[in-house]
Amino acid sequence: MIKDEYFTLYNGVTIPKVALGTWQSSPSDAYNAVISAIKAGYTHIDTALVYGNEEAVGKAIKDSKIERDKIFVTTKCPAEVKTYEGALESFNTSLKNLGLDYIDLYLIHAPWPWSEMGKNCDEGNIEVWKAFVKLYNEKKIRAIGVSNFSPHDIKNVWDATGFKPMVNQIRYFVGYTQKEYTDYCDVNNILVEAYSPLATGSIVNDERFKSLEAKYNKTIPQILIRFCLENNRLPLPKSVHEERIISNIDLDFKISKEDMEYLNSL
Ligand code: NAP
C-alpha cells in the first residue's frame with residue numbers, strides 16, 4: 001500500500017512517498033486539509049514559512065493526535081533569506097509556528113529571492129546551508145535539502161561545506177520533467193520531490209489523458225500523481241477538498257511500461 005511506503009534518503013532517514021501540499025491554502029483550509037489528510041492515511045505534510053499556514057498545520061497535527069514519530073513534516077526557509085543568522089532565525093520561527101521541537105525535512109525554498117529569479121546568490125546560499133548543517137548536526141532537523149536548485153546551485157553548497165543536500169524539490173509533472181535537474185540528482189543519490197504534480201490544477205482535465213483514465217479506471221489526477229511515483233519522484237499534491245485528498249493518495253495501481261513511455265515522451 002502506497003500509504004505505508006517510503007523512499008530512503010542517503011542518510012538513512014525514510015520519507016513517506018506522498019505528501020499533502022499546502023501552498024495557497026489559507027490557515028483554515030490548511031487546518032481542515034491536514035485533518036482530512038491524516039484521517040485518509042497521509043503521514044507527510046509539506047508547508048513553508050511563506051505559506052502563512054504553519055501554525056494551522058501544526059495545530060491540525062496536534063489535534064489529530066498522531067504520534068510525532070508517525071508524521072513527517074517538511075517546511076522551508078524563505079527564498080529571500082540569504083544569511084546564516086537569517087536562516088537560524090527563520091528556522092526558529094517555523095519551529096515555533098508549527099509547535100514542534102524538531103523538523104523532519106528543512107529546505108532552502110529557492111536559490112534566489114522570488115523577485116530576482118535567476119540572480120546569482122552563491123555566497124548567500126552557502127551561508128544559509130552552513131546554518132542548515134549546524135541545525136542538522138544539533139539534531140533539530142532529520143534531513144536537509146533544497147528546492148528549485150540547479151545542478152550548479154547544488155554543487156555550490158556541497159563543495160563549500162562537504163555536505164550534500166538530501167532532497168531537491170522541483171516543479172515536475174507530465175510534460176515538464178526537468179531532465180537536466182533530475183539526471184544530476186539521480187546520479188548523486190539526491191531524492192527529487194515533484195511539486196505541482198497536477199501543474200497547479202491546469203492539466204487535471206487534459207484531453208491527452210482521457211484514454212488512460214478509462215483504461216485504468218482511475219482519475220486523471222491519480223494517473224498524474226502515480227506517474228511521479230513510477231519515475232521515483234515524491235509527489236506533493238495539494239487539495240483543500242476532502243474527497244480529492246482521499247483520492248489523491250489512492251494510488252495502488254501500476255502504469256504500464258508502454259504508457260509510461262508515452263507519458264515520459266510528452
Ligand atoms: P498541484 O498539487 O499541482 O495542484 C493543486 C490544484 O489542483 C489545486 O487547484 C487543487 O484544487 C486542484 N486539485 C487537487 N486535486 C484535485 C483532484 N483530485 N481533482 C481536481 N482538481 C484537483 O499544485 P501546487 O499547489 O502547485 O503544488 C503542490 C504542492 O507543492 C504545493 O501545495 C506546495 O506544498 C508544493 N510547492 C512547492 C513549491 C516550491 O517552490 N518548493 C512551489 C509550488 C508548490 P483544490 O485545492 O480546490 O482541491
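**Notes on a predicted model, starting from a loop**

1. N148 is a good place to start: this residue sits in the loop between β7 and α5. Strand and helix names here are DSSP runs (strands are E, at least two residues; helices are H or I, at least four), numbered from the N terminus. The phi of N148 is near 60 degrees, a positive value in a residue other than glycine. For context, most residues other than glycine have a negative phi, and most peptide bonds are trans. N148 is also buried, at a relative accessible area of 11%. Buried stands for under 20% relative accessible area, exposed for over 50%, and partly exposed for what falls in between, using a 1.4 Å probe and protein chains only.

2. A word on ground rules: this is a predicted model, so local features need pLDDT of at least 70 and side-chain atom pairs count only at pLDDT 80 or more, while totals for chains, interfaces and linings use all residues. Residues are numbered from 1 along each chain as its sequence is written, and side-chain values use heavy atoms, with hydrogens and water left out.

3. Now the ligand. How many residues surround the ligand? There are 27, and the closest are D46, S196, K238, S239 and R244; a residue counts if one of its heavy atoms lies within 4 Å. N148 comes back here, with a polar side-chain atom 3.0 Å from an oxygen atom of the ligand. A polar side-chain atom of S147 is 2.8 Å from a ligand nitrogen atom, and an N or O atom in the side chain of H109 is 3.5 Å from a ligand oxygen. Polar contacts are pairs of N or O atoms within 3.5 Å; within protein, one must be able to donate a hydrogen and the other to accept it, and residues adjacent in sequence count only if both atoms are side-chain atoms. On its own the ligand exposes 910 Å², and the protein buries 89% of that (Shrake-Rupley areas, 1.4 Å probe; for residues, only the protein chains shown count as cover).

4. On to the sheet. What is the strand order of the open sheet? Its 8 strands run β3-β4-β5-β6-β7-β8-β9-β10, with parallel pairing. At the edges are β3 (20-21) and β10 (234-235), each of which pairs on one side only. Two strands pair if DSSP finds at least two bridges between them.

5. Take β5, β6 and β7 next. Strand β5 (residues 72-77) pairs with β6 over 4 bridges, and T74 has L105 as its bridge partner in β6. Helix α3 (residues 84-98) completes a right-handed β-α-β unit with β5 and β6. Right-handed means that, with the strands pointing away from the viewer, the path from the first strand over the helix to the second runs clockwise. Strand β6 (residues 103-108) is mostly covered, with 6 of its 6 residues buried. It shares 5 bridges with β7; Y106 stands opposite I144. From β6 the chain passes through α4 to β7, in another right-handed crossover.

6. Further along, strand β7 (residues 141-147) is joined to β8 by 2 bridges. S147, the ligand neighbour from above, stands opposite Q169 in β8. Helix α5 (residues 151-161) carries the chain from β7 to β8 in a right-handed crossover. In strand β8 (residues 167-171), 4 of the 5 residues are buried. Then 5 bridges link β8 to strand β9 (residues 191-195), with I170 opposite A194. The crossover from β8 to β9, through helix α6 (residues 179-187), is right-handed too.

7. N125 is worth a look in helix α4 (residues 122-137). Is N125 buried or exposed? Buried, with a relative accessible area of 1%. Its side chain reaches the backbone oxygen of P111 at 3.1 Å. Residues that N125 touches, beyond four places in sequence, include K82, I108, F149 and N156; contact is heavy atoms within 4.5 Å.

8. Two last spots. E230 belongs to helix α8 (residues 220-230), and its side chain reaches the backbone nitrogen of I255 at 2.9 Å. Q24, in the loop between β3 and α1 (27-40), has a positive phi of about 65 degrees although it is not a glycine. Q24 is exposed, with a relative accessible area of 56%.
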